[in-house]
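Here's a quick tour of one chain, going from the overall layout to a single sheet and then to a couple of cysteines. Keep the viewer open as you read.

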Amino acid sequence: RTAKTSGMLTVIEEEAVFTKNLANLEATETDTVKLICEVSKPSADVSWYKGDKELPEGGRYEHIADGRKRILVIQNIKLEDADEYNCRLPKSRTSASLKVNELAAEFIA
C-alpha cells in the first residue's frame, strides 16, 4: 500500500545585513580615501549616500564590490567632501563621518 502526499515549501531568502560597519575617517585635501564596510552576502546590492544625497558612480567616486566588501573610493578629496557618508541595504544602513583637513600652505622663499 502506498500513500502519497504533496505540499509546498516556500523558502524566504534572508535579507543581507552589514557584518562590518563603516569607520570614521580623517583625510587631507587631495588625498584619496576608501570607506569600507562588509555585507553578509556577496550578491548584496548597496547604495552610497553623502548625507541624504545618493552618490552616483563616476567622476571622483568609485563603487567597488569585492566579495562581501563594499568600498566607496573618493579621489582628490576637497574640503566640501567633509560630511556623513552612509552605505544602505534595503533594510539597514551603516554610516561614518569624513573629516577633511586643509592642505598646509607652502611658502616659497
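## Overall layout

Read from the N terminus, the elements of the chain go β-β-β-β-β-β-β-β-β. Put as a count, that's 0 helices and 9 strands. Bear in mind that this is a predicted model.

How does the chain's radius of gyration sit against the globule rule? The radius of gyration is 21 Å, well over the 13 Å that the rule gives for 109 residues, so the chain is more spread out than a compact globule. The C-alpha trace tells you about its extents too: along the principal axes it spans about 100 × 20 × 20 Å.

As for what's covered up, buried residues make up 30% of the 109 residues in the chain. The accessible surface comes to about 7900 Å², and carbon and sulfur atoms hold 49% of that. Contacts reach along the sequence as well: among those with a separation of 6 or more, 60% are between residues 24 or more positions apart.

## An open sheet

Now for the strands. Four of them, in the order S1-S3-S7-S6, form an open sheet with antiparallel pairing. Strand S1 (18-20) and strand S6 (61-66) stand at the edges; each has a single partner strand, so one side of each is left without a neighbour in the sheet. On average, neighbouring strands here are turned by 30° against each other, direction ignored.

Zoom in on the S1 end. S1 pairs with strand S3 (residues 33-39) in the antiparallel sense, over 2 bridges. If you want a spot to click on, try Phe-18, which stands opposite Val-39 in S3.

## Two cysteines

How many disulfides does the structure hold? The number is 0. Cys-37 is in no disulfide, and its nearest cysteine sulfur, that of Cys-87, is 3.6 Å away. Cys-87 is likewise in no disulfide, with the sulfur of Cys-37 as the nearest cysteine sulfur at 3.6 Å. The cut-off for a disulfide is a pair of cysteine sulfur atoms within 2.5 Å, which is why a separation of 3.6 Å doesn't qualify.

Are these two cysteines buried or exposed? Here are their relative accessible areas:

| Residue | Relative accessible area | State |
|---|---|---|
| Cys-37 | 1% | buried |
| Cys-87 | 0% | buried |

Buried here means under 20% relative accessible area, so Cys-37 at 1% counts as buried, and so does Cys-87 at 0%.

Note on methods
Residues are numbered from 1 along each chain as its sequence is written. This is a predicted model: local features need pLDDT of at least 70, side-chain atom pairs count only at pLDDT 80 or more; totals for chains, interfaces and linings use all residues. Side-chain values use heavy atoms; hydrogens and water are left out. Two strands pair if DSSP finds at least two bridges between them. Helices (H or I, at least four residues) and strands (E, at least two) are DSSP runs, numbered from the N terminus. Axes are lines fitted to C-alpha atoms, for helices over the stretch in contact, and angles run from 0 to 180 degrees between N-to-C directions. Buried means under 20% relative accessible area, exposed over 50%, partly exposed in between (1.4 Å probe, protein chains only). The radius of gyration is taken over C-alpha atoms; the globule rule is 2.2 Å times the number of residues to the power 0.38. Contact means heavy atoms within 4.5 Å. Accessible areas come from the Shrake-Rupley method with a 1.4 Å probe; for residues, only the protein chains shown count as cover.
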